[in-house]
Amino acid sequence: MIYTTSNVTNRMVAVVSFLLAAFYANAAEVVYRIVEYNKSAAEFVLDGSGTVPKGSWAYFENDYGATTGNRYNQIPRNRKAVLHLGGWQGCKVRSITLGMCSNNGSGQVGLSLYDGDTKLWALRPCDFASDQWFGQWVSKDLNVYVDVTKSFDVPTFANDEASIEIQGGTAEGSVYVNTITIDYDECPGMAMESPLGWIYERLAKKDVLNDGDEVMIYRNGCAAADLGGMQESHYLDVVSVASTTDVTSPDVLRFTLRKADTAGQWTLTDQYGRVLGATAKQSLAWDEGSMLWSVTLGYDGATITNVDGKCGSLRYNAPEASYARFNVYTSTSMPLPFLYRKTKQREPILSSSLAFDETDIAADIAEGHLALHPTMLPAAVTDKRIDWVSSDEGVATVNGGFVTLLAPGQTVITARAHDGASEASVRLTVSGTNAIDNVQDDAHATATRKVLGHHGISIVTPRGRYGVGGVLQQRK
């Protein structure tokens, strides 16, 4: 262990952080990582970790990232991206941390927090390298994202829906957003859960229904939803569910079964408190008509029949010239739906190892900065965040793997998986000359630069040649 003044400071900060954590014992945190834009589903893929209000949802929107190549997380000038939140009424946001980088030497970013349509807090777009944000440029080519936290004191959410808006500026350049972390106080007495998906298991003939079971109506990769408003269409829409062991879509209707007074009869109430009913054949309704159903489980599906025999049974219909749907039919030619029961949430996958390619790194202070890329295994780790510590911040500081060289000396850079399951360290030796020796002709100065070669773009530094992903290609 290398003991320095910085060590003492770090230990004092750790003690204060522990005391604050104890004071805010009810504080919660959720991280949403923007994974990609799924063109087939026409939506962004989010990986969540942490804790959220039970039944809440998150939806990311970025018009530019949805239409331009693989730049799903890029926010250029005159554009914006929005993280929509549902089910957060009564929560109070304490801070928002953005994992970001800039477009080489330019890019502006602004941030706003909304409660419904009411703006609670806003910072107008300004340079990423300004004191309002990170204080220096972090090139996208280095393949690292730095964390910038904005804290505020705002009212609790009065509306069920809220949003976080990330804005590009009016000048040239872009910012790229990797993660959005929300630190908040949940509403007292609020039930909480993980943002990971729920596992649903198909009910077969041998299974038994229980009062309070939460079920999904599902057939041929489609789950029942109400996208267009059943009061107009009189049928249930469908949404695609890729895997019943990872159900996260807020559009999927989750029906709670309740026993009626008559044996073998049930009511089906969705997550919004609406009771499913039928007013006639091919005419479903919410909170009207006949709202009692008999349910019989079979190998070919579940026979969910309205007690008003004239209405028929729920079936799946996928006509060639129209939309697939679930509705009540007296015909028996269409397939029955299956009932899938919600059993448990997916468990987070913890890191098993974290490792650097090198244990010792030498750098010249003239480089200014370098990027570190430890390998975390397994690749499917739920919370991919890494906490970084420099043992001597007078020599170098680190944020997100972005190391800023400050003075000649030696420091140990430690990367810890945020889930606490693994860590790795690298010893960094920073060399440099005195002020007189450091004066040199600009034409002969050695600096970091981008080079176009036969194998694509490389980043050349005084230490060697790197790929744009940070992989060492050739050491000098």
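The accessible surface of this protein chain comes to about 23900 Å², and carbon and sulfur atoms hold 49% of that. Keep in mind that this is a predicted model. The chain has 476 residues, and 45% of them count as buried.

Now the fold. The protein chain contains 2 helices and 39 strands. For contacts with a separation of 6 or more, 63% are between residues 24 or more positions apart.

Next, the second largest pocket. Its volume is about 1300 Å³. Which residues lie nearest its centre? They are Y145, N178, K384, R385 and I386, out of 42 residues that line this pocket. By type, the lining divides into 17 nonpolar, 16 polar and 9 charged residues.

Several strands supply at least two residues each to that lining. From the early part of the list there are β1 (27-38), β2 (43-50) and β7 (92-102). Then come β10 (146-151) and β12 (174-185), and after those β30 (375-377), β31 (386-390) and β32 (396-399). Which strand gives the most to the lining? That is β1, with 6 residues.

Last, the cysteines. How many disulfides does the count come to? The count is 0. Two cysteines are worth a look for burial. C101 has 0% relative accessibility, so it counts as buried. C126 has a relative accessible area of 18%. The cut-off for buried is under 20%, so C126 is buried as well.

That is the end of my part.

How values were computed: Residues are numbered from 1 along each chain as its sequence is written. This is a predicted model: local features need pLDDT of at least 70, side-chain atom pairs count only at pLDDT 80 or more; totals for chains, interfaces and linings use all residues. Side-chain values use heavy atoms; hydrogens and water are left out. On a 1 Å grid over the protein atoms alone, a cavity is a set of points where a 1.4 Å probe fits but cannot get out, and a pocket is an open set with protein on both sides within 12 Å along at least five of seven lines; lining residues have an atom within 4 Å of a point. Grid points are joined across faces, edges and corners, and a volume is the space filled by probe spheres set on the points. Helices (H or I, at least four residues) and strands (E, at least two) are DSSP runs, numbered from the N terminus. Ala, Val, Leu, Ile, Met, Phe, Trp, Tyr, Cys and Pro count as nonpolar, Asp, Glu, Lys and Arg as charged, and the others, Gly among them, as polar. A disulfide is a pair of cysteine sulfur atoms within 2.5 Å. Buried means under 20% relative accessible area, exposed over 50%, partly exposed in between (1.4 Å probe, protein chains only). Contact means heavy atoms within 4.5 Å. Accessible areas come from the Shrake-Rupley method with a 1.4 Å probe; for residues, only the protein chains shown count as cover.
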